[in-house]
Amino acid sequence: MSYVNRTGNEAISTEPVVAGRVGEYHDLVRWGPIIAGLLVALATQLILSAIIGAVAAGTVEGSGAPRSIAPNAAGNAGLWSTIALLISLFTGGWVTARACGPMNRNTALLNGAILWATTLAVSSWLLANGVSGAFGVAASNAGEVINQVGTPNLPQANVSAQEARNIAGNVRSGLWWFVFGSLLGLIASMIGSVSGARSPRTNSYNA
């Protein structure tokens, strides 16, 4: 082994030497912010549904022909309930992303999708317990479809061929509207999550 004497003119570096950096593992799914976004989405949807229902009832109450205007008011309330559902999911996705730490776009999309799935599961549970108006007409239509499909013991002699076709058409329409509304809700939730996401900070180190 040989030794080399240092001269006084050589500068000794005092900077820390970083040989390599290993990224710390952490879960990409943040259930705390997801639950927070779910609660905000629920509260937003309930408030908007109450406002829409009050406006629709007031329209029928102040009309000179309440029987004829009631179907139109109910249809408009259903349309606005679907819009309120999208607004609530967007708001819930935004809150979920803001409640998390800095994240990239893919992580925000993942958490937004899981928020949508959690909302769909909770809405199904609420629907099964009779809270059909909590998540708009998409959930209500799905509940009516489930009730129709789940009652096969109807007397066949009392159902004509045309009535059977009408029931099948209602089931088909309800299921397609449920799928369409669910996909719109997924898109709204993911857009809200991306809008509320904060970019990760980059730190510079001396090598």
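This report describes the helices, buried positions and surface of one predicted protein model.

## Overall architecture

The predicted model contains 5 helices and 0 strands, and, read along the sequence, its elements follow the pattern α-α-α-α-α. Of the 207 residues in the protein, 28% are buried. Among contacts with a separation of 6 or more, 83% are made by residues 24 or more positions apart.

The protein exposes about 13900 Å², and carbon and sulfur atoms supply 62% of that area.

## Helix H1

Helix H1 covers residues 31–61, and its 31 residues reach 44 Å from the first C-alpha to the last, close to the 45 Å expected at 1.5 Å a residue. The buried residues in H1 are Pro33, Ile34, Gly37, Leu38, Ala41, Leu42, Thr44, Gln45, Ser49, Ile52 and Ala56. An α-helix has 3.6 residues a turn, so residues three or four places apart point the same way.

Ile35 also has its place in helix H1, but it is not among the buried positions, because its relative accessible area of 46% makes it partly exposed. The C-alpha atom of Ile35 is separated by 9.3 Å from that of Gly92, although these two residues are 57 residues apart along the chain.

## Helix H2: a buried serine and a nonpolar patch

Helix H2 spans residues 66–99 and includes Leu79, and Ser88 lies in helix H2 as well. The two positions fall into opposite classes of accessibility: Ser88 is buried, with a relative accessible area of 1%, whereas Leu79 counts as exposed because its relative accessibility is 53%, and the cut-off for an exposed residue is over 50%.

When residues up to four places away in sequence are not counted, Ser88 touches Ala41, Thr44 and Gln45, and these three residues are among the buried residues of H1. Leu79, in turn, contributes to a nonpolar surface patch of about 400 Å², which is made together with Trp80, Ile83 and Ile87.

## Helix H3 and its start

Helix H3 consists of 24 residues (residues 105–128), which at 1.5 Å a residue should span 34 Å; its end C-alpha atoms are 35 Å apart, and this agrees with the expected value. At the start of H3, a side-chain oxygen of Asn104 reaches to within 3.4 Å of the backbone nitrogen of Asn106.

The buried residues of H3 are Thr107, Ala108, Leu109, Asn111, Gly112, Ile114, Leu115, Trp116, Thr118, Thr119, Ser123 and Leu126. This set includes nonpolar side chains such as Leu109, Ile114, Leu115, Trp116 and Leu126, and Asn111 is also part of it.

## The surroundings of Asn111

Asn111 is found in helix H3 and is buried, with a relative accessible area of 1%. Its side chain makes two polar contacts with backbone atoms: the side chain of Asn111 reaches the backbone oxygen of Leu28 at 2.9 Å, and it reaches the backbone nitrogen of Arg30 at 3.0 Å.

Leaving aside neighbours within four places in sequence, Asn111 is in contact with Leu28, Val29, Arg30, Ile34, Thr96, Met103 and Ser193. Of these contacts, Ile34 is one of the buried residues of H1, while Thr96 falls within the range of helix H2, residues 66–99.

Technical notes: Residues are numbered from 1 along each chain as its sequence is written. This is a predicted model: local features need pLDDT of at least 70, side-chain atom pairs count only at pLDDT 80 or more; totals for chains, interfaces and linings use all residues. Side-chain values use heavy atoms; hydrogens and water are left out. Patches are made of residues with over 30% relative accessible area and no salt bridge: like charges are joined within 9 Å, nonpolar side chains (Val, Leu, Ile, Met, Phe, Trp, Tyr) within 5 Å. Accessible areas come from the Shrake-Rupley method with a 1.4 Å probe; for residues, only the protein chains shown count as cover. A salt bridge is a side-chain nitrogen of Lys or Arg within 4 Å of a carboxyl oxygen of Asp or Glu. Helices (H or I, at least four residues) and strands (E, at least two) are DSSP runs, numbered from the N terminus. Buried means under 20% relative accessible area, exposed over 50%, partly exposed in between (1.4 Å probe, protein chains only). The expected span of a helix is 1.5 Å times one less than its number of residues. A polar contact is a pair of N or O atoms within 3.5 Å; within protein, one must be able to donate a hydrogen and the other to accept it, and residues adjacent in sequence count only if both atoms are side-chain atoms. Contact means heavy atoms within 4.5 Å.
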